[in-house]
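This briefing introduces a protein model to a reader who has not met it before. The points below are grouped by topic and may be read alongside the structure.

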Amino acid sequence: MNAPRTILIFVDGLGLGLDDPAINPIHSGCCPVLERLLKEESVPVDARLGVKGLPQSATGQAALLTGVNAPAAVGRHVEGLPGPELRKIVQAHNLFLKLKERGYRSTFANAYHTDDVEEVRGRRRQSVTTVASLAAFGGVRKTGDMLVNRAVYQDLSREFLRSRGYDGPLVSPRESAAHLLAIAADHDFTLFEYFQTDLMAHKGTPDDVRRVLSRLDEFLEGLLAWPNEPGHLLLLTSDHGNIEDSRTKVHTENPVPLVAVGEGAEVMKAGVKSLTYFVPTLLELYPQKKLET
Ligand SMILES: [Zn+2]
């Protein structure tokens, strides 16, 4: 079997919760594609990782993208963005590097609103995905890439960038999906990160929450044809629960979903029991390539 071409949609703050639409906005009708994927194509994944307290983003994302039990390594679940200790773990063990070592091309498809990689490298606040991309690729996708549709902005529309001086075209989530598919066609593994879900679950109104879920849904709908192609795999997962329980503004201890459709989906669904299993299980699908002689 050849290694698949994989798209991973990382959705921040998406757990598997109750079926009750009064509590779980995913069942309120605003995101039918996501709702169906969670129901029919996903398995539950533990995000607590044996460490007390609510699962958090910095440690959860580090665990997901390295396979290292990051909260156990630093002794607690760490919120927000990674500090020096977590950055070191991500720099040394991230999935992009592991794929590269095995001879595969991977990429982080998110657009950064800058034309200067050094500016990104110098940022005091860096996401796990930023740290991993800088370590593995020495760079990120920039404004110039986005303007030729070779990068996808995190809000799926670029509207947020208007407040940052961007005067280029806006795009629909559906167009963002098409741009992601074109990037994924040139890579063995492509990651896209969507964090409006966690942000709005913390700070937004119920309408805000439904709006970001609906936007995500339009994007996912545009990706559904991907796993129908032979050798293609579509994955979606998260770092911790949040948006699935409207009774609370903080994270939940719910399992997160691993959605897997296409080539290798069964391997992923059978293997990924907790966030730390994601990398080792995915790597089963990407055996070391023989060196060219
Ligand atoms: Zn959060």
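In the pairing of β5 with β6, L233 stands opposite G262 of β6. The two strands are antiparallel and are joined by 4 bridges. The model described here is a predicted one.

**Strand β5 and its partners**

- β5 also pairs with β1, in this case in the parallel sense, over 6 bridges.
- Within that pairing, the bridge partner of L8 is L235 of β5.
- β5 is mostly covered, with 6 of its 6 residues buried.
- In a regular strand, side chains alternate between the two faces of the sheet.
- Both faces of β5 are covered: H232, L234 and L236 are buried on one side, and L233, L235 and T237 are buried on the other.

**The sheet as a whole**

- The open sheet has 6 strands in the order β2-β6-β5-β1-β4-β3, and its pairing is mixed.
- Its edge strands, each paired on one side only, are β2 (42-45) and β3 (106-108).
- On average, neighbouring strands of the sheet are turned by 15° against each other, direction ignored.
- Helix α1 (residues 32-40) packs on the sheet and touches β2, β5 (232-237) and β6 (256-262). The direction of α1 makes about 90° with that of β6.
- At the β3 edge, β3 and β4 (residues 189-194) run parallel and are joined by 3 bridges.
- One of the paired positions is S106, whose bridge partner in β4 is F189.

**Overall form**

- The protein contains 13 helices and 6 strands.
- For 293 residues, a compact globule would have a radius of gyration near 19 Å; the protein has 18 Å, which agrees.
- Along the principal axes, the C-alpha trace spans about 60 × 45 × 40 Å.
- Of the 293 residues in the protein, 51% are buried.
- Among contacts with a separation of 6 or more, 71% are between residues 24 or more positions apart.

**The nonpolar core and helix α11**

- The largest nonpolar core has 83 residues, and those with the most contacts inside it are I7, A62, L180, L216 and L235.
- Helix α11 supplies the largest share of this core, 6 residues.
- The 16 residues of α11 (residues 206-221) should span 22 Å at 1.5 Å a residue, and the end C-alpha atoms are 22 Å apart, which agrees.
- The buried residues of α11 are V209, V212, L213, R215, L216, D217, F219 and L220.
- These buried residues pack against β1 (5-11), α1, α9 (173-185), β4 and α10 (196-203).
- L180 is in contact with I7, A109, V152, T190, F192 and L223, leaving aside neighbours within four places in sequence.

**Helix α7**

- α7 (residues 128-137) is mostly covered, with 8 of its 10 residues buried.
- Its buried residues are V128, T129, T130, V131, A132, S133, L134 and A136.
- They pack against α2 (57-66), α4, α5 (95-101), β3, α6 (117-121) and β4.
- G138 follows α7 and has a positive phi, near 70°.

**The loop position P82**

- P82 is found in the loop between α3 (70-74) and α4 (84-93).
- P82 is buried, because 26 other C-beta atoms lie within 10 Å and the cut-off for a buried residue is 20 or more.
- Not counting residues up to four places away in sequence, P82 touches A58, A62, R87, V90, V128 and V131.
- P82 and Y166 are 84 residues apart in sequence and 28 Å apart in space, C-alpha to C-alpha.

**Positive phi values in the loop between α8 and α9**

- Most residues other than glycine have a negative phi.
- N149, which is not a glycine, has a positive phi of about 60°.
- N149 has its place in the loop between α8 (143-147) and α9.
- N149 counts as partly exposed, because it has 17 C-beta neighbours inside 10 Å.
- L156, also a residue other than glycine, has a positive phi near 70°.
- L156 lies in the loop between α8 and α9.
- L156 is buried, with 26 other C-beta atoms within 10 Å.

Technical notes
Residues numbered from 1 in each chain as written. Predicted model: local features only at pLDDT ≥ 70, side-chain atom pairs only at ≥ 80, totals over all residues. Pairing = 2+ DSSP bridges. Axes fitted to C-alpha atoms, helices over the stretch in contact; angles between N-to-C directions. Contact = placed C-beta atoms within 7 Å. Expected span 1.5 Å × (residues − 1). Buried ≥ 20, exposed ≤ 12 C-beta atoms within 10 Å, placed from the backbone. Rg over C-alpha atoms; globule rule 2.2 N^0.38 Å. Core = buried A, V, L, I, M, F, W, Y, C linked by C-beta atoms within 7 Å.
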